[in-house]
Amino acid sequence: MNIRRIWLDRDQGGKKQWADFLTAADLIPDDQLDYTIGIYDQDKLVGTGSIFRNILKCVAIDLSYQNENLLSKIVQTLRERLQEIGYQHYFLYTKPETSKLFRSLGFTEIAATTELVFMEQGFPDFEDYLAVLKKYQRMTKQNAAIVMNANPFTKGHLYLVTEAAKCAETVYLFVLSEEGSLFDAKTRFELVKEGISHLSNVVVLPTREYIVSSATFPSYFLKNQAKVNVAKVQAELDALLFKERIAPTLNIMTRFVGEEPLSPVTNIYNQAMKTVFSSSLNLIILPRKKANDEVISASRVRSLMKKQAYEEIKLLVPDSTFKEIMNQKKE
């Protein structure tokens, strides 16, 4: 038996064999992959695994080869690849029935639904993240949370935060740490902090990989290309992780979101939160703020940036965001 890379973007025959193998294993062939390997018995594919950034995905073994120790070979090969490119901390999605196997390989469970188990290995880990959150904890009881990408921070975002701040003693405002947006994570975090600096009961926090990230909810970043059934399962896991592990750490009782007329995936996420939170956490969905009879959204601002419609942008964003947009224009 030999291990070799499967070039999914170049080898159509190899890709079809791989996709058929995953489908037979009751897994969905994933489009978001950076690197894929296969274990072959001559020309027969008997095991496979992939990575996307620092996430192990699409790991499967032929049932008739389960006693060949192939899983540990796949995981070790993928770990070596991750370490080569600089990762010391990685994540994994698996089914509940196989999570025990990955625990034996050193992975720790973070959250689990009936369909998915989310696991990690390496440092800094989830317990480190919770320790960071506790450093910013305020000793209040009626607390709320908001999660946003803020790409960039708009008056719509500010309206959502302001309304939450009227209702809660403390609002924990989580800004996505995920890179890949027009505005990088550091800039988005600072724009949010500047935009809400007049609200003394709002605490701005990073999400790292544990809220709406490529690890917990990769479909979120595919937007209109996301598969609805996959997005739903991932959204439920992300919501469960928030409800069971993050909300109790900060005594969060309520989560505020904006209604979502524009993005189907974000709407799936809102529905998943409503289902998962049930009676444990309040979910308050606010109507989106409008300007000129149109919903204020970050995507609208980005579209206007392409058109260089700066006077219109100025109506949609706080002064600190507008200043950053004009600085980017000069560069």
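Which residue in β11 does A144 stand opposite? Hi everyone, let's start there: A144 stands opposite T254 in β11.

A quick word on the ground rules. Residues are numbered from 1 along each chain as its sequence is written, and this is a predicted model, where local features need pLDDT of at least 70, side-chain atom pairs count only at pLDDT 80 or more, and totals for chains, interfaces and linings use all residues. Side-chain values use heavy atoms, with hydrogens and water left out. When I say helix or strand, I mean DSSP runs numbered from the N terminus: H or I with at least four residues for helices, E with at least two for strands.

Back to our opening pair and the sheet around it. Five strands form an open sheet in the order β10-β9-β8-β11-β12, with parallel pairing; two strands pair if DSSP finds at least two bridges between them. The edges are β10 and β12 (282–286), each with a single partner strand, so one side of each is left without a neighbour in the sheet. On average, neighbouring strands here are turned by 25° against each other, direction ignored. For angles, axes are lines fitted to C-alpha atoms, for helices over the stretch in contact, and the values run from 0 to 180 degrees between N-to-C directions.

Now look at β8, residues 143–148. Six of its six residues are buried, and buried means under 20% relative accessible area, with exposed over 50% and partly exposed in between, using a 1.4 Å probe and protein chains only. N143, A145 and V147 point one way, A144, I146 and M148 the other way. With β9 (residues 170–175), β8 pairs in the parallel sense over six bridges. Within that pairing, N143 has T170 as its bridge partner, and I146 has L173. With β11 (residues 252–258), β8 also pairs in the parallel sense, over three bridges.

The connection is nice too: β8, helix α5 (residues 155–167) and β9 make a right-handed β-α-β unit. Right-handed here means that, with the strands pointing away from the viewer, the path from the first strand over the helix to the second runs clockwise. On the other side of β8 in the strand order comes β11, and helix α8 (residues 264–277) lies across β11 and β12, running at about 160° to β11.

On to the other sheet. This one is open as well, with seven strands in the order β1-β2-β3-β4-β5-β7-β6 and mixed pairing. Its edges are β1 (2–5) and β6 (108–112), each with a single partner strand, so one side of each is left without a neighbour in the sheet. β5 (residues 89–94) and β7 (residues 117–122) run antiparallel and are joined by six bridges; there, L92 has M119 in β7 as its bridge partner. Helix α7 packs on this sheet, touching β5, β6 and β7, and its direction makes about 105° with that of β6. Contact throughout means heavy atoms within 4.5 Å.

How far apart are the end C-alpha atoms of α7? They are 26 Å apart, which agrees with the 27 Å that its 19 residues (228–246) should span at 1.5 Å a residue. The expected span is 1.5 Å times one less than the number of residues. Buried residues of α7 include A231, Q234, L237, L241 and F242.

Helix α2 (residues 70–84) reaches 21 Å from its first C-alpha to its last, close to the 21 Å expected for 15 residues. Among its buried residues are L71, I74, V75, L78 and L82, and what covers the buried residues includes β2 (35–41), β3 (44–52) and β4 (55–61). After α2 comes G86, with a positive phi near 105°.

Finally, the aromatics: the structure holds 11 aromatic pairs. Rings of Phe, Tyr and Trp (its six-membered ring) pair if their centres lie within 6.5 Å; planes under 30 degrees apart count as stacked, over 60 as edge-to-face and the rest as tilted. F217 and Y220 have ring centres 5.8 Å apart and planes at 50°, so the pair is tilted, and both residues are buried. Ring pairs also link F91, Y93, F118, F126, Y129 and Y210 into a cluster.

One last residue: E209 sits in the loop between β10 (202–206) and α7, and at 25% relative accessibility it counts as partly exposed. Among the residues E209 touches are F91 and H89. Thanks, everyone!

Definitions and conventions. Lists of a residue's contacts leave out its neighbours within four places in sequence.
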